[in-house]
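Me: I am new to reading protein models and would like a close look at a single part of this one. Could you take me through how two of its helices meet, and then what lies around that meeting point?

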Amino acid sequence: PDGSNLDEVEGAASRFADAIASRYENPEWSGPRWLQLARALALLAAAHGVEVADVVGWLADRDQTQSRARHGGIPSWAQATLSTLHAPNNSDAAGVRDWLTCKLTAFTSSAGRRIFAPAGEGDDLHGLLASGVPVIVNLSALSGSDAAMAGHLIIATVLETAMQEPVAGAE
């Protein structure tokens with residue numbers, strides 16, 4: 001985000017977090033706290049134009065997380081959220097980091113990194129779908145759970161695109 005497109009990027013970060021959360025059968029696995037952390041993590045990736053895997057790596061280091069979070073394109077709520085992951089008065093900060101990142105293995109595995117591009121890069125799935133081009137995604141290199149996560153995000157994007165596009169012939 002550069003300030004001029006913050007609403008668009010925040011919307012994309014929310015859709016990313018929602019799609020992951022909806023993948024889990026038990027809503028307690030990805031409730032409001034996880035959603036807020038995931039949105040902040042997605043904004044961090046977008047602000048720096050990196051992969052989710054890069055941000056997950058930054059989360060292990062307090063200084064790296066804090067310096068990256070101070071990016072001008074990251075809203076103050078997201079900076080505050082990310083700061084809780086290393087807060088000295090937060091005795092469960094390490095556990096929260098692990099809890100957040102364990103849900104993101106589909107993006108951190110080497111096979112997953114070949115599928116998901118850094119924020120703002122890669123093919124525009126919305127554009128491809130709107131053009132009518134058939135889209136085929138090979139998820140066979142991923143584990144079953146990572147393929148399910150990747151597939152879920154792809155289906156969520158297809159559904160979102162279908163809901164945004166007018167139906168041909170409808171008046």
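**Where two helices cross**

Reply: In this predicted model, helix α1, made of residues 6-23, and helix α10, made of residues 144-164, have axes that come within 9 Å and cross at roughly 125°. An angle over 145 degrees would count as roughly antiparallel, and one from 65 to 115 as roughly perpendicular, and α1 and α10 are therefore oblique to each other. The crossing in which α1 passes α10 is right-handed.

On the α1 side, the residues in contact are R15, F16, A19, I20, S22 and R23, and they meet S145, A148, M149, H152, L153, A156 and E160 of α10. Sorted by character, the residues of this contact divide into 7 nonpolar, 3 polar and 3 charged.

Two of the α1 residues just named, F16 and I20, also appear in the largest nonpolar core, which has 43 residues, where they are listed with W34, L41, L104 and F107 as those with the most contacts inside it. Both α1 and α10 give two or more residues to this core, as do α2 (32-48), α3 (52-58), α5 (76-83), α6 (93-101) and α7 (105-108), while the largest share, 10 residues, comes from α2. In soluble globular proteins, nonpolar side chains tend to be buried together. Leaving aside residues up to four places away in sequence, L41 touches V52, V55, V56, L59, L82, L100 and L104.

Notes
Residues are numbered from 1 along each chain as its sequence is written. This is a predicted model: local features need pLDDT of at least 70, side-chain atom pairs count only at pLDDT 80 or more; totals for chains, interfaces and linings use all residues. Side-chain values use heavy atoms; hydrogens and water are left out. Axes are lines fitted to C-alpha atoms, for helices over the stretch in contact, and angles run from 0 to 180 degrees between N-to-C directions. Helices (H or I, at least four residues) and strands (E, at least two) are DSSP runs, numbered from the N terminus. Angles under 35 degrees count as roughly parallel, over 145 as roughly antiparallel, 65 to 115 as roughly perpendicular and the rest as oblique. A crossing is left-handed if the near helix is turned anticlockwise from the far one by less than a right angle, and right-handed if clockwise. Contact means heavy atoms within 4.5 Å. Ala, Val, Leu, Ile, Met, Phe, Trp, Tyr, Cys and Pro count as nonpolar, Asp, Glu, Lys and Arg as charged, and the others, Gly among them, as polar. A nonpolar core is a set of buried Ala, Val, Leu, Ile, Met, Phe, Trp, Tyr and Cys residues joined through side-chain atoms within 4.5 Å. Buried means under 20% relative accessible area, exposed over 50%, partly exposed in between (1.4 Å probe, protein chains only).
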